[in-house]
Amino acid sequence: MNDSLLVAENLRCTVGPRALFAGLSFTVDARELVEVRGANGSGKSTLLRCLVGLAEPESGDVRRRVEVQYLGHRSGNSGRMTPVENLQWLAGLRGGEPDRGSVDHALVRVGLGDARHEMCDSLSAGQQRRATLARLLVAPAALWILDEPLTSLDDAGVELVVELIAEHRARGGGAVCATHRTLTAGSASARVVALSQGTP
Amino acid sequence: MKLFLAQFRRDLLLAVRSRSDAANPVVFFILTTSVLGLGTDSDLGPGVIWVLALFANVLAVEGVFERDHEEGTLEQLMVHARPLFPAVLGKLAAHWAVSGLPVAILSPLVAFVLYGSTTGIPVLVASLLVGTPTLTLLGAIGAALTIATGRGGLLVAILVLPFYVPVLIFGASASAAAMTGEPFDFALLALGALLTASITAAPFAVGKALAISQEH
């Protein structure tokens, strides 16, 4: 499996005396969706943060071979800036020229065309979530790591996430999602990593 | 350089948008120095201005990462800024531009009110211009280490004050020497050396400290 986008080997994480997961190994290949399932508190977010590199697993190894885009619990947008300004900042951080055209295009795609010049603080929770989704389009990365991307989204928003992931896979990208429902479109399938407390 | 500018521009914009928060340390500096001028009649050295500039700096730098941590923009910074160094430097430069820089610019006024003379004021301003960025850079290490605890405040002050001491000593002694007509160039050069060292090293340390804080 030399062409995997990400390889996780023998990961182990603990919180206090409790093991969240141990001996966890999986790969994410191109065109693949990995759904991380598990009850609240089972370590989904911790696992994703390890995959992104924001946290260190207690033992084990994560090898990322491509650029990663991460959507976490926190929005990652400054409340005192507009969605446009937030996305331009992100594009600048990635070393690219903040290109207005692609930023506007992304915001229209996620349904924020009209709200793109409002402060993020004044947007609804669902709109804020949509603004974070626009990051996936503005800063393309071969591997998406999404932590419960459906939070506060309406039905159309859920549809949008499913579509975005399907398009991403069609382009050869891979995704890891912590989720409680499946994010596959049509006949596509997903690999499921189930976290249950007390994995040996 | 692109990363530096992207982060610098963003943080300046945010500082302008939240003027009242950003102005706090400067207001603190003006208020304390003017009250000191009114409340004491003994001869206060320029060291007083330096001490108050230092406290204004601790107050300001303590929260430099707080909002970004809460909003998750710090996570995005850590994930996307490659390398992290210029982005961190850009962030701190913007922070200094709205905290240390105005203090240095206002210091002639404060010094004139306190002492009623203009002797040595250029050196005071120079020492603040060269010294306060060092304070910001060092203070940011403490701020980065304490974000995970959720309450920086006094903890940051306790952590970083020992490292502030050399800057304070050289800054205050340069200003005092200039006021009494003694040579001050060594102290100024020492401040410059401290600044050079902290510009090269502190952003790395801040990056490491942020990485540690992100684990929680």
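**Two chains, two domains and a core**

Mentor: The domain assignment splits chain A into domain 1 (1-67 + 141-200) and domain 2 (79-140); such bounds come from an automatic or database domain assignment. This is a predicted model, where local features need pLDDT of at least 70, side-chain atom pairs count only at pLDDT 80 or more, and totals for chains, interfaces and linings use all residues. Residues are numbered from 1 along each chain as its sequence is written, while chains are lettered from A and ligands numbered from 1 in the order in which they are written.

Trainee: What makes Leu133(A) count as buried?

Mentor: A residue is buried if 20 or more other C-beta atoms, placed from the backbone, lie within 10 Å of its own, exposed if 12 or fewer, and partly exposed in between. Leu133(A) has 23 C-beta neighbours inside 10 Å, so it counts as buried. Of the 200 residues of chain A, 45% count as buried.

Trainee: Which residues is Leu133(A) in contact with, leaving aside its neighbours within four places in sequence?

Mentor: Two residues are in contact if their C-beta atoms, placed from the backbone, lie within 7 Å. On that basis Leu133(A) is in contact with Val110(A), Val161(A) and Leu164(A). Leu133(A) itself is found in helix H4 (residues 125-138) of chain A; a helix is a DSSP run of H or I with at least four residues, a strand a run of E with at least two, both numbered from the N terminus.

Trainee: How many residues does each domain of chain A give to the contact between them?

Mentor: The centres of domain 1 and domain 2 of chain A, taken over C-alpha atoms, are 24 Å apart. Domain 1 of chain A gives 10 residues to the contact and domain 2 of chain A gives nine. Helix H5 (residues 155-170) of chain A supplies four residues, the largest share of the domain 1 side.

Trainee: Why is the largest nonpolar core said to lie between the domains of chain A?

Mentor: A nonpolar core is a set of buried Ala, Val, Leu, Ile, Met, Phe, Trp, Tyr and Cys residues joined through C-beta atoms within 7 Å. The largest one has 121 residues, and Ala140(B) and Ala144(B) have the most contacts inside it. Both domain 1 and domain 2 of chain A give residues to this core, so it lies between them.

Trainee: What makes chain A as compact as a globular protein of its length?

Mentor: The globule rule is 2.2 Å times the number of residues to the power 0.38, and the radius of gyration is taken over C-alpha atoms. The rule gives 16 Å for 200 residues and chain A has 17 Å, which is close, so chain A is as compact as a globular protein of that length.
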